[in-house]
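Visitor: I am new here and would love a tour. Could you show me the model and take my questions one by one?

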Amino acid sequence: MSSFRAAGSELPDTEPHEATDGGGLSRRSFITTAALASAVPLGTAAAPAAARGQDRHPAPPEPDFGPNVRVFGPTTPTAEIQAALDAAAQQQVASEFGTGRFAFLFKPGSYDVDAQLGYYTSVAGLGLSPDDVTVNGAVRVEGQPQPGGGDSALTNFWRSAENLSVTPTDGVNWWAVSQAAPLRRVHIRGQLFLFPRQGGFSSGGFMADSVVDGQVVNASQQQWLTRNSAVASWSNGVWNQVFAGVQGAPEQSFPDPPYTTLPTTPVSREKPFLYVDATGRYRVFLPALRHDTAGATWSAGHTPGSSIPIEQFFIARPSDSVRTINKALAQGKHLLLTPGIYKLTGTVKVKWAGTVVLGLGFATLTPVTGAVAMRVDDVRGVRIAGLLFDAAEAESKALLEIGSGRRRSDPLDPTSVQDVFFRIGGAGPGRTGTALVVNSDNVLLDHIWAWRADHGSGVGWTVNTAEHGVVVNGDHVLATGLFVEHFQKENVLWNGEHGRTVMFQNELPYDPPNQAAYRRHGADGYPAYKVAESVRHHEAWGLGSYCFFTVDPTIRVAQGFQAPVRDGVRFHDLLTVSLNGAGVIDHVINDHGGPAQGTATVPVDVVAYPAT
């Protein structure tokens, strides 16, 4: 993403899910009886403290989440909370490539605070429902002041709000963001504005499992995905606004207005989240798999699913070695990564089915020796969420690999990758072959941003090298919210069968030095999204790709999207744009759709391919 934009039924957790590694070993043998004894059914109303005997028994000890996590309760003085939030905002609001990482967690209750979120900052509630935590004030992201006046949110990355309700002081909550800044399980008791107060651009947002009581005003937000939520109404749109399973969403109308609306989401499973149960103990909730659904999971009661006590997690610190982390994983522990930068000298190995890997405060994994940062074996039901993978100068073949190619899986218990982000360059030189490789079948990719940096430190055509952002080799992979930008060959290469994508956003690389350096097999440039010629079934909705060749504006790309021409491969609502006329995309998909060119920055749209 550029710093410039042109106009335009509860499941009781009686025991962990048994899983094997294919050789007969089971996770169950590693779980202690004491941990199982703490499991309780969900959805039960909390009894008064005296009835629970809490006047006779001490509260359980707080887990040690390290120095970069602050936990607040209803009795914490408001001034103390506000001071902590303000200090983090002051440090992080302009620290785009800094080392600070923060998570602020709120126990059930009501809080009168104004939380402005800077880079690498997460705010989350610790209730079982978003309405268990109420913020009277704001949980907001503001635009960055620009040298010539006004605001911009085009580089407002890496921050999040989850699992809480906000009652805005003036009726409006501002969330001016671009990529990697999710809203999940939030209840906005008012309006939600997705643009800077001064009217600058924002580009690339995501909201899921949320309810907005008032109107959502999109304004200058150029592309956005809302999934499994409810809104009172929606206003405006720039290029690519996608809705999947959203109650109150606008009707399908692409390209004018540019709304792509699916009545339901084909498959979804919400992100795991940390909460405190009625006894004061910490647990991680695992939402259940859903098919063809609309609306938030918690609107009519508690989210269906199960939970895991925190005692079954290894709570990692950035000082922990890969060996220490892998030992815990091998013993059957789940993994919770506290905020910070983990300089990995080897690969984090996830071998057990059903393992949960959950990051807080944009925990960042950097493979300093050039290893693959994390690899998941061919097992089912793994959940990876809330992580930033940051490439190092030593080149890695990949940053995250899901499966080895044997492709064992279970459609009823897929692996999921949620709010997981990849960065190559920006904080310093970084190199990788591919950011994310998916070899397993039945994987859910739910809000991915893979970014080869176009600005910052260690940026250049031969400096932060990366061929592909996402390569999918597995079958039956579904992506909901796929943001992939600036890679040097195909940004997305899809080799698996029966793949589906709901919302894709892309910018081609800014920095090819000339046409000869950006050419393939006799054709100009590389498509942003390519489906391999061997694929017989693939479908995608709401896709956009933009060019902005800043080094050589004469560069051309033959097509934004490339796919085999057959009945089982279908695309809906595509667009290409030349930003300010810096380059040309000759066709939208294959040889269909005219050229995106000229300084007017007007999209070229294709409603259906093949045409019907």
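Visitor: How many bridges join strand 28 to strand 30?

Guide: This is a predicted model, and in it strand 28 (residues 374-376) runs parallel to strand 30. One pairing to look for is Arg-375, whose bridge partner in strand 30 is Glu-401. The number of bridges joining strand 28 to strand 30 is 3.

Visitor: Which residue of strand 32 stands opposite Leu-400?

Guide: Strand 30 also runs parallel to strand 32 (residues 432-438), and 5 bridges join them. Strand 30 itself covers residues 396-402, and 6 of its 7 residues are buried. Opposite Leu-400, in strand 32, stands Leu-436.

Visitor: Which strands stand at the edges of the sheet?

Guide: The open sheet is formed by 9 strands with parallel pairing, in the order 26-28-30-32-34-36-40-42-44. A strand at the edge has a single partner strand, so one side of it is left without a neighbour in the sheet. From one strand to the next, the twist averages 25°. The edges belong to strand 26 (348-350) and strand 44 (584-589).

Visitor: Which residue stands opposite Tyr-529?

Guide: Look at strand 40 (residues 529-531) and strand 42 (residues 556-562), which pair in the parallel sense over 2 bridges. The residue opposite Tyr-529 is in strand 42, and it is Phe-561.

Visitor: Which residues of strand 5 point the other way from Thr-121, Val-123 and Gly-125?

Guide: In a regular strand, side chains alternate between the two faces of the sheet. Strand 5 (residues 121-125) is mostly covered, with 5 of its 5 residues buried. Thr-121, Val-123 and Gly-125 point one way, and the other way point Ser-122 and Ala-124.

Visitor: What is the bridge partner of Ser-122 in strand 9?

Guide: Strand 5 pairs in the parallel sense with strand 2 (residues 102-106) over 5 bridges, and there the bridge partner of Phe-106 is Gly-125. Strand 5 also pairs in the parallel sense with strand 9 (residues 159-168), over 4 bridges. In strand 9, the partner of Ser-122 is Ser-160.

Visitor: What kind of aromatic pair do Tyr-119 and Tyr-120 form?

Guide: The structure holds 36 aromatic pairs. In the pair of Tyr-119 and Tyr-120, the rings are 6.1 Å apart centre to centre, with 45° between the planes. Planes under 30 degrees apart would count as stacked and over 60 as edge-to-face, so this pair is tilted.

Visitor: Is Tyr-120 buried or exposed?

Guide: Tyr-119 has 1% relative accessibility and counts as buried. Buried means under 20%, and Tyr-120 is at 0%, so Tyr-120 too is buried.

Visitor: Which charged residue sits over the ring of Tyr-120?

Guide: Tyr-119 and Tyr-120 belong to one aromatic cluster with Phe-97, Phe-157, Trp-158, Trp-449 and Trp-451. Over the face of Tyr-119 lies Arg-159, at 4.4 Å from the ring centre. Over the ring of Tyr-120, 3.7 Å from its centre, sits the charged end of Arg-101.

Visitor: Where is the pLDDT below 50?

Guide: The mean pLDDT of the protein chain is 91, and 90% of its residues reach 70 or more. One stretch has 115 contacts in the model beyond near neighbours in sequence, and its pLDDT is below 50: residues 2-56.

Technical notes:
Residues are numbered from 1 along each chain as its sequence is written. This is a predicted model: local features need pLDDT of at least 70, side-chain atom pairs count only at pLDDT 80 or more; totals for chains, interfaces and linings use all residues. Side-chain values use heavy atoms; hydrogens and water are left out. Two strands pair if DSSP finds at least two bridges between them. Axes are lines fitted to C-alpha atoms, for helices over the stretch in contact, and angles run from 0 to 180 degrees between N-to-C directions. Rings of Phe, Tyr and Trp (its six-membered ring) pair if their centres lie within 6.5 Å; planes under 30 degrees apart count as stacked, over 60 as edge-to-face and the rest as tilted. Buried means under 20% relative accessible area, exposed over 50%, partly exposed in between (1.4 Å probe, protein chains only). A charge sits over a ring if NZ of Lys or CZ of Arg is within 6 Å of the ring centre and within 35 degrees of the ring normal. pLDDT is the predictor's confidence in each residue, from 0 to 100. Contact means heavy atoms within 4.5 Å.
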